[in-house]
Amino acid sequence: MLTSILNRTLCAAALLLMASPPSRAQTVEVETGVFCETQQQMERFVAIYDEDAYAAMDAVNAEENDPTACVYGTIAFIRGPEIATARNNKEAYHIVRVIVVGFITHFGFRASAPAASFATEKIDERAA
């Protein structure tokens, strides 16, 4: 059932994208992870992240005095450009701007009005 809801939601998002002015091809992706409202919040998240995403997320939210500055969840989004690179004492990450078009709730997948957010992609720094 969740797959059916997800497919309908992604189809609706795709139809909305096709109705927008022509540009480059856009793909709706679905991913679970931490998403922050601003680039600075995501950079701070990466800086203090040490194997516990919830602790780092809670710390950023406390610093911002906003319980939803960074959230953990499953969203449907359109990937935008890599904005920056952020590091902590163990790893490096690309900060990526995304446009959220839907999310999973306790009641299933819900489409949403497009909203900007920021995500990370871990950089593989192993020697080739």
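Author: Buried means under 20% relative accessible area, exposed over 50%, and partly exposed in between, with a 1.4 Å probe and protein chains only. The model is predicted, so local features need pLDDT of at least 70 and side-chain atom pairs count only at pLDDT 80 or more, while totals for chains, interfaces and linings use all residues. Residues are numbered from 1 along each chain as its sequence is written, and side-chain values use heavy atoms, without hydrogens and water.

Reader: Why is Phe 77 called buried or exposed?

Author: Phe 77 has a relative accessible area of 2%; buried requires under 20%, so Phe 77 is buried.

Reader: What makes the rings of Phe 35 and Phe 77 a pair, and of which kind?

Author: Rings of Phe, Tyr and Trp (its six-membered ring) pair if their centres lie within 6.5 Å; planes under 30 degrees apart count as stacked, over 60 as edge-to-face and the rest as tilted. The centres of Phe 35 and Phe 77 are 6.4 Å apart and the planes stand at 55 degrees, so the pair is tilted.

Reader: Why is Tyr 54 called buried, exposed or partly exposed?

Author: The relative accessible area of Tyr 54 is 47%. Partly exposed lies between the limits of 20% and 50%, therefore Tyr 54 is partly exposed.

Reader: How do you know whether Thr 74 is buried or exposed, and what polar contact does its side chain make?

Author: Thr 74 has 19% relative accessibility and therefore counts as buried. Its side chain makes a polar contact (N or O atoms within 3.5 Å, one able to donate a hydrogen and the other to accept it; residues adjacent in sequence count only if both atoms are side-chain atoms) with the side chain of Thr 32 at 2.5 Å.
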